[in-house]
Amino acid sequence: MNAKNLSERLKTVASFVEKDTILADIGSDHAYLPCYLVHAGIISNAIAGEVVKGPFESAQKQVKSENLEENIDVRFGNGLEVVKEEDNVGTITIAGMGGPLIASILEAGKKKLSTVDTLILQPNIHAKAIREWAIKEKWKIVNETILEEHDKIYEILVLKKGKMELTDEELLLGPILLKEKSPVYKKKWKNEINEWQRIIDQLNNIPLTTDVQSKKEELQTKVALVRELL
Ligand code: SAM
């Protein structure tokens, strides 16, 4: 993968970026996503934020090698700390991390979201944490998609400001994904059911304490709920 030949996962994230928005890509690693978007003529200005020195230097190197230093400002810092009000950022992308980490980055940086109208988030796991954060902070899901690449399944959530209410089922599965029930969605949740069932089988082979019992019941409830919604 490079900035011109992006993974399907990042291409799908890119497809949700609106023309001429100012982008902050947090956890940018090689800055492939902002480089791709500038080359594609979708945006002309972006910030690439990184908190780890190696990926930060890779992002700097990539931006330099693509002659995009005028367009993409690579900044070292934790989460939304790299965003300043005067940047007038309209869109934030955070991709390739766990849902709880993405939610914690947004929570810690929520004061930086005043100019932002779109969040495009690609959690590798536990998208539910993002949906819970969105409800609490009054962001609503306007789009969701799911894709498979190299045997891994990824969800992408697009949020805009606004209130939303979700049922427990929608929180876990995604309100739009649940309606669409795509083949990849079905594959993801069949895999999850198998994994939960595997854990239940293991719990059946150890002494039954109250903790074991409640874990078993929690997993059995999830299996029954999700099986019904496939
Ligand atoms: N966004 C790229 C993608 O989707 O291909 C890179 C994903 S990589 C797995 C996650 C990156 O996020 C790493 O480079 C890591 O250093 C960075 N990261 C993790 N926590 C971060 C934080 N709090 N602030 C900024 N960057 C962070």
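**Two domains, a ligand shell and a buried helix**

The C-alpha centres of domain 1 and domain 2 sit 33 Å apart in this predicted model. Domain 1 runs over residues 8–166, and domain 2 over residues 186–229. Where the two meet, 4 residues from domain 1 and 4 residues from domain 2 make up the contact.

Next comes the ligand. It has 16 residues around it, and R9, G27, E50, N78 and G79 are the ones that come nearest. Three of these five also turn up with short distances between polar atoms. In the case of E50, a polar side-chain atom is found 2.4 Å from a ligand oxygen atom. With G27, the backbone does the job: one of its polar backbone atoms is 2.7 Å from a nitrogen atom of the ligand. G79 likewise uses a polar backbone atom, which lies 2.8 Å from a ligand nitrogen atom. As for cover, the ligand on its own has 600 Å² of accessible area, and the protein covers 79% of that.

Which elements supply the shell? At least two residues each come from α1 (8–15), β4 (91–97) and α4. The biggest giver is β4, with 3 residues. Sorted by class, the shell around the ligand holds 8 nonpolar residues, 5 polar ones and 3 charged ones.

Helix α4 (99–108) shows up again elsewhere, as part of what covers the buried residues of α5. Helix α5 itself spans residues 128–137, and its buried residues are A129, I130, R131, W133 and A134. A look at the spacing helps here. An α-helix has 3.6 residues a turn, so residues three or four places apart point the same way. In α5, A129 and W133 are both buried, and so are I130 and A134. Besides α4, the cover over these buried residues includes three strands, β5 (118–123), β6 (139–149) and β7 (152–161), plus the helices α6 (168–173) and α7 (175–180). Right after α5 ends, K138 adopts a positive phi of about 60°.

One more residue is worth a stop: V184, which belongs to helix α8 (residues 183–203). Leaving aside residues up to four places away in sequence, V184 touches I146, L147, E148 and I153. Among these, I146, L147 and E148 fall within the span of β6 (139–149), while I153 falls within that of β7 (152–161). Another pairing involves E155: V184 and E155 are 29 residues apart in sequence, yet their C-alpha atoms are 10.0 Å apart in space.

Methods:
Residues are numbered from 1 along each chain as its sequence is written. This is a predicted model: local features need pLDDT of at least 70, side-chain atom pairs count only at pLDDT 80 or more; totals for chains, interfaces and linings use all residues. Side-chain values use heavy atoms; hydrogens and water are left out. Helices (H or I, at least four residues) and strands (E, at least two) are DSSP runs, numbered from the N terminus. Contact means heavy atoms within 4.5 Å. Buried means under 20% relative accessible area, exposed over 50%, partly exposed in between (1.4 Å probe, protein chains only). A residue is near a molecule or strand if one of its heavy atoms lies within 4 Å of it. A polar contact is a pair of N or O atoms within 3.5 Å; within protein, one must be able to donate a hydrogen and the other to accept it, and residues adjacent in sequence count only if both atoms are side-chain atoms. Accessible areas come from the Shrake-Rupley method with a 1.4 Å probe; for residues, only the protein chains shown count as cover. Ala, Val, Leu, Ile, Met, Phe, Trp, Tyr, Cys and Pro count as nonpolar, Asp, Glu, Lys and Arg as charged, and the others, Gly among them, as polar. Domain bounds come from an automatic or database domain assignment.
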